[in-house]
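The exercises below concern one protein structure. Each has a task sentence and a solution in steps.

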2 protein chains.
Amino acid sequence: MSTLSIATAAEVFDLLRDDLAAIEQEFSRQSASNVEVITDIARYLIAGGGKRIRPLLLLLSAKALGCTSESRIRLGAVVEMLHTATLVHDDIIDEADTRRGRPSSNTTWGNAKCVLAGDWLYMQSFSTALEERNFRVLELLISLTQQMVEGELLQIEKLGHLINEEEYFDLIFRKTACLFKVSMQLGAAVTPSHEFGDPEEIEAQLGEYGRNLGLAFQIVDDVLDLTAAEDVLGKPVASDLREGKATLAVIHALERGTGADREAIRTVLADRSFTRVSHPQILEILQRHGSIDYAMDTACAYAEAARLTIADLPDSEAKRALLWVPGFVTSRDR
Amino acid sequence: MSTLSIATAAEVFDLLRDDLAAIEQEFSRQSASNVEVITDIARYLIAGGGKRIRPLLLLLSAKALGCTSESRIRLGAVVEMLHTATLVHDDIIDEADTRRGRPSSNTTWGNAKCVLAGDWLYMQSFSTALEERNFRVLELLISLTQQMVEGELLQIEKLGHLINEEEYFDLIFRKTACLFKVSMQLGAAVTPSHEFGDPEEIEAQLGEYGRNLGLAFQIVDDVLDLTAAEDVLGKPVASDLREGKATLAVIHALERGTGADREAIRTVLADRSFTRVSHPQILEILQRHGSIDYAMDTACAYAEAARLTIADLPDSEAKRALLWVPGFVTSRDR
């Protein structure tokens, strides 16, 4: 294993500053439609920010293989737009009131327009990706979207029910890790002529990094939903439980807890509210069984697995940055 | 102009029987998902029937150019599945209770699942189309979908308002004629090596046939919505007016009618109901100004234009069938 030093946040930002700025421009250009309301909704969602972690992964993956083509910018914008499309439809499905601390798009424009705006964003992503004239790119994106959509449907089926860890990991793979994985794979797919080994193998390796990182990311997200303060998180706390979703720490407590503990958790999931059992009561149960620690340890293990997956990659600034991302993901507070 | 005889319905059915059966099988195969609820919704929609006019057009277009490849079956299923995807999302948007005489999918499964089922059907269409490894095919399908989605959004913006003929034709192009056009173009796109002239020109010609036919089709649809009986139509009559949509006959009457006539129509569009002005009152206004006849005459003119567009095509059974379709479209009662 190499002894390459892990980059600092400042170094990663320096490395990607220009590319990320170019992606913002491209993203904005892509969201312009001749139908005004689409542009309005798309721009609203862009202005809402987001961590841009998916384009960042794609850039680092491409950079690690020496890619300098414009494809990385275009596809960086595509993965963020695809992500945005899923958010628009998810907000309809979850009947969300807020997203990233602001009114959700469905609250502002209504369900009908948001169904269509989401559809449009999907099509615009594919249409832009099509400009690459690369079947592998299209295959990755279309199959990804299908997996994400199936995941959301599976999630609906399981709302209010107890699920086991295996089901949980399938859900968060589809919800988050799958797009992280494809972002990394796309970086490889647009850099076919590199000399770092068998292109298919390299793509698979980078994809595996993305999968591990995505699982870590979503586990942390789910822990933050349980433990963070509303003003930090930008959305109501414990919304997962209030939507009937059992996440890793909760599943852990269900498996270890006393009969009374299990009953309390079951009640919240079935009620989809904290009317009969309070949020602090649930947190006490989770703390008592070390469930929050268990979830965070699991996230850190996936983060470490991500780092190990790219151990064989030749040393580069991009690789140093890829070694930094997992720690960033597990130590964030929102 | 050739004196080729127009096919009969029986001849067209004979010509396409096997291909249409193969498309049904392909459509059913494509709608199978490992997520049960998707398969349920997709199968429900398939069983609901529909005229399969889009696959029929694709088959005839391909056949007219001598295509014998499996692509025509696969893409025939794709255009029907894409059409089905738009219906699922449209039913959410229109808050429809029924579709083709049965409860609409959103009534049965709820909005959340139907948003996702529609997304899945879109992705499955593209995923199947991708198997063709033909960029032109993907370009046609993706740009088509974007135009349809934009059309639905434009329609929402115009609900309850008076529109002119130009706006009406833009809306029905996006809603219907665009997919008819692309179905015809796809038939050409999968038959690149034919010897009937410049491939691009032939594709454009066949597309123009589809556009004209689609406009005729939708104008007739809109007339039937105004005039047909509910048990024949399979959905509530005059639902367009009750949704605030002005269609061709209504636009005609608005331009010719007396002040009182215009006021009556405006009232229904604004109320989105027949509470203050009745459906028979509106029909009387339309009859008095010959507006229904005007709309039907316009539909027939587009049907004739469709026939003329393919005049140069070499004689064949498929061409005879294509000459039959416009008359079928304008003379149907539902």
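**Exercise 1. Place Arg262(A) in the model: which helix holds it, and which residues does it touch?**

Step 1. Arg262(A) belongs to helix H13 of chain A, residues 259–271; helices are DSSP runs of H or I with at least four residues, numbered from the N terminus. Residues are numbered from 1 along each chain as its sequence is written, chains are lettered from A in the order in which they are written, and side-chain values use heavy atoms, with hydrogens and water left out. The model is predicted: local features need pLDDT of at least 70 and side-chain atom pairs count only at pLDDT 80 or more, while totals for chains, interfaces and linings use all residues.

Step 2. The relative accessible area of Arg262(A) is 30%, so the residue is partly exposed (buried is under 20%, exposed over 50%, partly exposed in between, with a 1.4 Å probe and protein chains only).

Step 3. Leaving aside residues up to four places away in sequence, Arg262(A) touches Leu254(A) and Gly257(A), where contact means heavy atoms within 4.5 Å.

Step 4. Asp94(A) is 168 residues from Arg262(A) along the chain, and their C-alpha atoms are separated by 25 Å.

**Exercise 2. Compare the span of helix H4 of chain A with its expected value, and state how many of its residues are buried.**

Step 1. H4(A) covers residues 71–94, which is 24 residues. The expected span is 1.5 Å times one less than the number of residues, here 34 Å.

Step 2. The end C-alpha atoms of H4(A) are 34 Å apart, in agreement with the expected span.

Step 3. Of the 24 residues, 22 are buried, so H4(A) is largely enclosed by the rest of the structure.

Step 4. After the helix comes Glu95(A), with a positive phi near 50°.

**Exercise 3. Describe the salt bridges of Arg74(A) and Arg288(A): which residue is the partner in each?**

Step 1. A salt bridge is a side-chain nitrogen of Lys or Arg within 4 Å of a carboxyl oxygen of Asp or Glu; the structure holds 52 of them over all chains.

Step 2. Arg74(A) pairs with Glu131(A), with the closest N and O atoms 3.4 Å apart. The pair links distant parts of the chain, 57 residues apart: Arg74(A) is in helix H4, and Glu131(A) is in the loop between H6 and H7.

Step 3. Arg74(A) is partly exposed at 23%, and Glu131(A) is partly exposed at 42%.

Step 4. Arg288(A) pairs with Glu284(A) at 2.7 Å, N to O. Both lie in helix H14 of chain A, four residues apart, about one turn of the helix. An α-helix has 3.6 residues a turn, so residues three or four places apart point the same way.

**Exercise 4. Characterise the interface of chain A and chain B: how much area is buried, and how many salt bridges are counted?**

Step 1. The two chains bury about 3600 Å² between them, 76% of it on carbon and sulfur atoms; buried area is the accessible area (1.4 Å probe) that two parts lose on being put together, summed over both.

Step 2. On the side of chain A, Leu116(A), Met123(A) and Phe135(A) lose the most area to chain B, together 19% of what that side buries.

Step 3. The contact takes 37 residues from chain A and 37 residues from chain B.

Step 4. Four salt bridges are counted between the chains. Lys113(B) and Glu157(A) meet in a salt bridge at 3.2 Å, N to O.

Note on methods:
Helices (H or I, at least four residues) and strands (E, at least two) are DSSP runs, numbered from the N terminus.
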